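The exercises below are to be worked through with the coordinates open, and each is followed by a solution in steps. The model is a predicted one.

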Amino acid sequence: MADYHIRVYKDTDHMTVRKLFANGLAENISPFRKYVLTLPRTKLLLLWVHIAILMAFQRSYISALQTTLCAAGACCGTLSFVWWGANYVYSSYIQRNLKEDMLDIQKSYIQNRRACFWVAESNGKVVGMVAARPYIASDGENKVELLRLSVSKEHRGQGMGKALCRTVINFGRQEGYESVVLETTMVQYAGQKLYESMGFTLINSFIPPFFIYRLLHFYVLTYRYNIHTHN
C-alpha cells in the first residue's frame, strides 16, 4: 500500500501546490499539439497554404526552387502558429488561475465552509492535491465542483488520484450536495479514465467561445457523479 495521507491544506503548502498545479497542466501541451496536428482541418490548411503560394508565384520571375521554398516557409509558419496556439491555450489558463483562486487558497477554499482544499503528503512532501467548491448550476441541482486534481509524476499509479477523488465525493456527501461535477479537456486521457472508473459519467462537451479554441478544436468535457445513486 502506498505511503501517503490526505490532509487539509496549510499555508506552508502554498508554493508547492502552485507548482504542482502548473506542472500538471503543462504536461497536456505536448499531447494537445499532437492532437491538433492530426486534425483534418490542420492538414487541409497546410495544403491550402502550399497551393496558394505556388499559384501566387507561378507567373512570377522567381525560380521553381524559390517558389517551393516560399511554400515550405509558409507551411512552417502555419505550423508555428499551431504550435504557439496549443501552448497558449494551456499556459494562459495556468496563469489566469494562479492569479485567481490559486493566489489565495485560504480565502478561495478554506474560509468557505462549503468548500475545501486537500493535499496528499508522502514522506513529509506534498505530492498531490484536489479542491472542492460550490458549483453554480442552472438546473437548480445542489452541486459541488471537483477541481485542481493533480498528482506528481513520481507518485502516480499508487491510487492517490482515486483517493483524492473520494475525498471530494465524501465531502460532498457530508455537506449535503446532490452531485459532484468536474471539467477536463479532451487530451487528458488518464483523467478521463480515472473519473469513469469511479462512476463519473460524461454529460457534456463544448468548445469555449474564443477564436483560438474554435480554431484548434479545443473541447472541454463535463463529468458528473450522482452522490445519491452511489450511497
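**Exercise 1.** Identify which residue of β4 is the bridge partner of Ala131, and then establish how β3 and β4 run and how many bridges join them.

*Solution.* Begin at Ala131, whose bridge partner in β4 is Leu147. Next, move along the strand to Pro134, for which the partner in β4 is Val144. Finally, take the two strands as a whole: β3 and β4 run antiparallel, and 7 bridges join them.

**Exercise 2.** Determine in which sense β2 pairs with β3, and describe the connection between these two strands.

*Solution.* First, locate β2 at residues 116–122 and follow its pairing with β3, which is antiparallel and extends over 7 bridges. Second, pick out one pair within this ladder, in which Glu121 has Val126 of β3 as its bridge partner. Third, examine the connection, where 2 residues lie between the strands of a hairpin formed by β2 and β3, and where Asn123 in the turn has a positive phi of about 50°.

**Exercise 3.** Place these strands in the sheet: what is the strand order, and which strands lie at the edges?

*Solution.* Reading across the sheet gives the order β1-β2-β3-β4-β5-β7-β6, so that the 7 strands make up an open sheet with mixed pairing. The edges are then found at β1 (5–8) and β6 (201–206), each of which pairs on one side only. From one strand to the next, the twist averages 25°.

**Exercise 4.** Find which strands α1 lies across, and at what angle it runs to β3.

*Solution.* Follow the helix over the sheet: α1 lies across β2, β3 and β4, and its direction makes an angle of about 80° with that of β3.

**Exercise 5.** Describe the second largest pocket by its volume, its lining and the elements that contribute to that lining.

*Solution.* Start with the volume of the second largest pocket, which is about 330 Å³. The lining comprises 19 residues, and those closest to the centre of the pocket are Leu20, Asn23, Ser152, Lys153 and Glu154. Then assign the lining to elements: two or more residues come from each of α1 (14–26), β3 (125–135) and β4 (143–151), with α1 providing the largest share, 6 residues. As a last step, sort the lining by class, which yields 5 nonpolar, 8 polar and 6 charged residues.

Conventions. Residues are numbered from 1 along each chain as its sequence is written. This is a predicted model: local features need pLDDT of at least 70, side-chain atom pairs count only at pLDDT 80 or more; totals for chains, interfaces and linings use all residues. Side-chain values use heavy atoms; hydrogens and water are left out. On a 1 Å grid over the protein atoms alone, a cavity is a set of points where a 1.4 Å probe fits but cannot get out, and a pocket is an open set with protein on both sides within 12 Å along at least five of seven lines; lining residues have an atom within 4 Å of a point. Grid points are joined across faces, edges and corners, and a volume is the space filled by probe spheres set on the points. Helices (H or I, at least four residues) and strands (E, at least two) are DSSP runs, numbered from the N terminus. Ala, Val, Leu, Ile, Met, Phe, Trp, Tyr, Cys and Pro count as nonpolar, Asp, Glu, Lys and Arg as charged, and the others, Gly among them, as polar. Axes are lines fitted to C-alpha atoms, for helices over the stretch in contact, and angles run from 0 to 180 degrees between N-to-C directions. Contact means heavy atoms within 4.5 Å.
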